[in-house]
Amino acid sequence: MSSSQLLVVLDRDSPVPLQQQLCEQIGGSVRSGRLRPGDPVPPSRELAHQLGVSRTVVTRAYELLRANGVLTARRGSGTRVSGELPDERRESGPALRAPLRPEPPLPTDTGSGLWQPWEPAPTHLPDAAYDFRHGTPALASFPVARWRQSLAAAVSRADATTLGYGPAEGTPALRTRIAALLRRSRAFDAAPEHTVVTSGATQAMDILVRLLVGPDEVVVIEDPSHTVLRQIFGYSRAAVVPVPVDEEGLRVDEIDDRVRAHGHHPGRVRLVYVTPSHQFPTGFVMSERRRRELLRWARGRAATVLEDDYHNEFTFAPGRLSALAADARDADVVYVGSFSKTLFPSLRIGYAVLPPHLVRPFLGVKWITDRLTPTVTQAALAEFIGSGAYARHISRMDRLYRQRRARLLEALYEHFGAGVRISGAAAGLHVLVTLSDAPGTEESAIVRAAAARDVRVYPASGYFAIRPPVEPTFLIGYAALSTARITEGVALLAAAVRQATAR
């Protein structure tokens, strides 16, 4: 509650003195939890003006409340609700002990192998010493001081245009910087006028499915794939059809048969979602041959391909393929990326590069959903990129991630030897680990045994809709752990696997 506002209604026709009414209402707000320990109350002069009473009424009420331990006053911090309230006046509202969990918007799919709406927390270890969570970059190594300079520069140059409602498509400066990055790193000649800044890659995907897909139409996704995609695409009431991937990427030759098996005609496919640079979660890189097949299939079916390049800056293999969108020719390919992995997730800036005919309709949906992505933050990011700070950060992170990736692979082979299969090491910030020496052991048993050793690991079977792995399989992220932590964590994981397998 703001210190300048306090909901108090005084009854001037009541025989109860105004001072007492004020005491009772503030005390009641404290008891009900509307005012909580540490909350400020307005200065006496300000509250007196708000209520239209003399300042003496307010100061005497505050004095009485302080005497009863309800309020406290300290020089420099004003008057606040006491942090040590008497028991009968303690705030009765529930304490926020854990993050709120969203409710899946489509509960009708319960029981489906495709229905895995949110990743469940495998343990109740809020500060696990060895957390192999995927998708989290090395946030401790982010150059906060340099980013602060970019923010300060953006604020200092902000004018009425910057502080007002900016363009829904994003600032011209940032769109130009993004296009330049894609030309250099992805060989993709993305035009700034076809680039739209979004609130993360998720918003771009949500807008695209709203725009292109109607009820009873089909969205094809990779299998396995990220669990949240089912909700993004399924919320449109479209049929979501998983199609298997192999070492070359999406099995394009199976699309038509899989769609028919779900009771739909392949001509109803409107969108095909792929992660060609680092398939999630297997890490497979789509081959050139398979890319050509997919683009040919999409042209023939008049379907749009959505390319999610979520790990676009971090590739460790000697050869590197361009973005799928770079070779689209006359196929409709939407390229989606973000800065969540390269910088930090809470930045919430993503982007979509669209075929020309989709730009205006895409903006129409964005306009009515959030109007614009924060312009001052966009200006800061454009400065960060333009100054060379972004390139220097990526270079440092590339070296760091190579070291951590190498240590993870060495540790896994050291402790599991031939009993481990690893995919996805060529790019990205995680690997998929299959424990072939532990057949029949439940992933949950390994998770519990690891948690007892302060290690968090994340089962991968929930990402598979068609053929879940028969051996324990885990998604192991390494970006946020030091090499020492990786070494210790893998050793503890190996002990946990031995314990779970022995039972």
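At what angle do the axes of helix H14 (residues 443-451) and helix H15 (residues 483-502) cross? They cross at roughly 130 degrees and come within 8 Å. That makes H14 oblique to H15, because angles over 145 degrees count as roughly antiparallel, 65 to 115 as roughly perpendicular, and this one falls in neither range. The model is predicted. This briefing covers that helix pair, then a sheet and two helices that lie across its strands.

**The H14 and H15 pair**

- Two packed helices are described by the angle between their axes and the distance between the axes.
- The crossing of H14 past H15 is right-handed.
- H14 contributes Ala445, Ile446, Ala449 and Ala450 to the contact. From H15 come Leu493, Ala496, Val497, Gln499 and Ala500.
- Eight of the residues in this contact are nonpolar, one is polar and none is charged.

**The sheet**

- Eight strands make up an open sheet with mixed pairing. Their order is S4-S11-S10-S9-S8-S5-S6-S7.
- Strand S4 (195-198) and strand S7 (249-250) are the edge strands. Each pairs on one side only.
- Strand S6 (residues 239-246) and S7 run antiparallel, joined by two bridges.
- Val245 stands opposite Leu250 in S7.

**Helices across the strands**

- Helix H7 (residues 200-212) lies across S4, strand S5 (218-223), strand S8 (269-274), strand S9 (304-308), strand S10 (332-338) and strand S11 (350-353). H7 runs at about 155 degrees to S10.
- Helix H11 (residues 356-369) lies across S4, S10 and S11. H11 runs at about 20 degrees to S4.

Technical notes: Residues numbered from 1 in each chain as written. Predicted model: local features only at pLDDT ≥ 70, side-chain atom pairs only at ≥ 80, totals over all residues. Heavy atoms only, no water. Axes fitted to C-alpha atoms, helices over the stretch in contact; angles between N-to-C directions. Helix = DSSP H or I, 4+ residues; strand = E, 2+ residues; numbered from the N terminus. Parallel < 35°, antiparallel > 145°, perpendicular 65-115°, else oblique. Left-handed = near helix turned anticlockwise from the far one by under 90°. Contact = heavy atoms within 4.5 Å. Nonpolar A, V, L, I, M, F, W, Y, C, P; charged D, E, K, R; others polar. Pairing = 2+ DSSP bridges.
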